[in-house]
Amino acid sequence: MKNKTIIFFIIVVTICFLVGASACLQKDNNENDGILDYVLLDDGTYQVLKINDKYNYHNTVEKITIPEKFKGVKVTEIGSEAFKGQKYLKSVIIGKEIVSIGVGAFYECKYLETVEMSESVQQIGGGAFRGCNNLTTLKIPQEIDTIANYTFCDCYNLNDINLHEGITSIGDGAFYNCFNLTELKIPITVNLIGPTAFYGCKKLEKVNIPDGVPEIGDSTFFNCYKLTDINIPDSVTSIGESAFFMCKNLAQVNISINITTIERDTFYGCENLETLTLSNNVRKLGYRAFFKCSSLKSIYIGENVNSISNNVFAYCDNIIDAVIPAIVLPYISSDNLQNITITCGEIDSFACSSRTSLESLTIGTKVNKIGVGAFRGCQNLTSVLFENPNGWKINQSEILASDLEDRLIAASYLTDVYKNQDWYRV
């Protein structure tokens, strides 16, 4: 009897031990095996603060699972810089109660490859995944309406990311240096794209700008080498400096009719751009705006440009056809210029002298002066069309309209006979 009592006691103790151990193991598993430190928030939920100092000392954690609860209470936030610099971290599973990921939460987790994020997440802080070099894909939860500043900056291998309808803004540098991003569909709900948003996205070939975006900031598409064409909708009224700097493969740009200024270096080095059309709303062309657009062949610039900075078309050596106001003419240095239409303004003295490539010229009805020697030395200019041949004078003497109606005679007057005279139309 005594032996039976002892055996029964041993069995009970063993069962209690196993049950207790199992409970302890289950608790540790739910709380990420004690790896994480938490802080209690004002709303009574927990925030993941950081990796426990004991584990962080060795900095070798490869996988993190953010639990739904800690001590029976919801875990709703990942704190700012919670996992900053965890260089061995490869995988993160984010619990279904998390609503906020803090600023720089995974900053420079260079080997982070996968992030499983639930639809509960409503906010991702600026720079949250900055420097996650090995992150290749990420699904943005539907509740997110803002891609914050520098969220995916320096995610060199990011090549697949969904931006859903409902996102309204893409912040400064959001995809800065995402070298492997090839295509991005921007939702029609987006009304703000920040400066440098796609800076250095060297493989980006296709991107749409939704109608409703009011401006394209400075350096937005800087060094997007493979971008081939882009449509700038009429909602856009401003394009920032260097917005398309060195977009070498950009061959076609449809520019909003509401743009008033082309800023400094906007299309610098767009070597494959062949045609350019700027509406009558454009008032200003900034310094080096089209510098080294070496394939540019045809340009049309509206009549209301009144301010031009130096080197606007420097090294644009293949322009053949130009429809421009007179103020633009001295800034075109192409030796291949063959056909010019001057739509309005006063043509400066010597503005187009010695252009041996020039073959035809049209003088628009709104041109009221041709300066001394403007076309002197243009020996191949054989056709000049005066859209209004009436009222032209030299030294108070009127030139016969019938003479100017003959394109060959008009050409000889400008290049030779009256080349050293100022022409006026009254």
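The paragraphs below lead through a predicted model, from the chain as a whole to a few strands, loops and single residues.

The overall dimensions come before the details. The C-alpha atoms of the chain fill a box of roughly 140 × 35 × 25 Å along the principal axes, and the radius of gyration is 34 Å, whereas a compact globule of 426 residues would have a value near 22 Å. The secondary structure consists of 4 helices and 32 strands. Of the 426 residues, 47% count as buried, while the accessible surface of the chain comes to about 20100 Å², with 47% of that surface belonging to carbon and sulfur atoms. Among the contacts between residues at least 6 apart in sequence, 30% join residues that are at least 24 apart. As for charge, the chain carries 36 positive and 48 negative charges, and the mean positions of these two sets are 8 Å apart.

A hairpin offers a place to begin with the strands. Strand β1, which covers residues 36-40, is joined by 5 bridges to strand β2, residues 46-51, and the two run antiparallel. One of the pairings sets Leu36 against Ile51, its bridge partner in β2. Between the strands of this hairpin there are 5 residues, and in the hairpin Gly44 takes a positive phi near 90°. Strand β2 also pairs with strand β5, residues 73-78, through 3 bridges, this time in the parallel sense. In that pairing, Val48 stands opposite Ile78 of β5.

Positive phi angles also occur in residues other than glycine, and two asparagines illustrate this in different loops. Asn177 has a phi near 60° and lies in the loop between β13 (169-170) and β14 (183-184). Is Asn177 buried or exposed? Asn177 counts as buried because its relative accessibility is 15%, and the cut-off for that class is under 20%. Asn395, with a positive phi of about 50°, is found in the loop between β30 (392-394) and β31 (397-398). Here the relative accessibility is 58%, so Asn395 counts as exposed, given that the exposed class begins over 50%.

Further along the chain, two residues in strands can be read together. Thr277 belongs to strand β22, residues 275-278, and Tyr300 belongs to strand β24, residues 298-301. Which residues does Thr277 touch, if those up to four places away in sequence are not counted? They are Ile255 and Tyr300. Seen from the other side, Tyr300 is in contact with Leu276, Thr277, Leu278 and Val323, again leaving aside neighbours within four places in sequence. Tyr300 counts as partly exposed because its relative accessibility is 36%. Two C-alpha distances add to this picture: Thr277 is 9.7 Å from Ser256, with 21 residues of separation in sequence, and Tyr300 is 8.2 Å from Ser279, also with a separation of 21 residues.

Towards the end of the chain, strand β28 ties several strands together. Strand β27, residues 339-347, pairs with β28, residues 360-370, in the parallel sense over 8 bridges, and within this pairing Glu346 stands opposite Lys369 of β28. Strand β28 is also joined to strand β29, residues 383-386, by 4 bridges, with the two running parallel; Ser360 has Ser383 in β29 as its bridge partner. A further pairing, of 2 bridges, links β28 to strand β32, residues 423-425, and these two run antiparallel. There, the bridge partner of Ile370 is Trp423 in β32.

The loop between β27 and β28 contains Ser349, whose contacts bring in residues from farther along the chain. Not counting residues up to four places away in sequence, Ser349 touches Gly371, Val372 and Asp422. The C-alpha atoms of Ser349 and Ala374 are 4.8 Å apart in space, although 25 residues separate the two in sequence. Ser349 is partly exposed because its relative accessible area is 38%, a value that falls between the 20% limit for buried residues and the 50% limit for exposed ones.

Notes: Residues are numbered from 1 along each chain as its sequence is written. This is a predicted model: local features need pLDDT of at least 70, side-chain atom pairs count only at pLDDT 80 or more; totals for chains, interfaces and linings use all residues. Side-chain values use heavy atoms; hydrogens and water are left out. Two strands pair if DSSP finds at least two bridges between them. The radius of gyration is taken over C-alpha atoms; the globule rule is 2.2 Å times the number of residues to the power 0.38. Buried means under 20% relative accessible area, exposed over 50%, partly exposed in between (1.4 Å probe, protein chains only). Contact means heavy atoms within 4.5 Å. Accessible areas come from the Shrake-Rupley method with a 1.4 Å probe; for residues, only the protein chains shown count as cover. Lys and Arg count as positive and Asp and Glu as negative; His and the chain ends are not counted. The place of a charge is taken as NZ of Lys, CZ of Arg, CG of Asp or CD of Glu.
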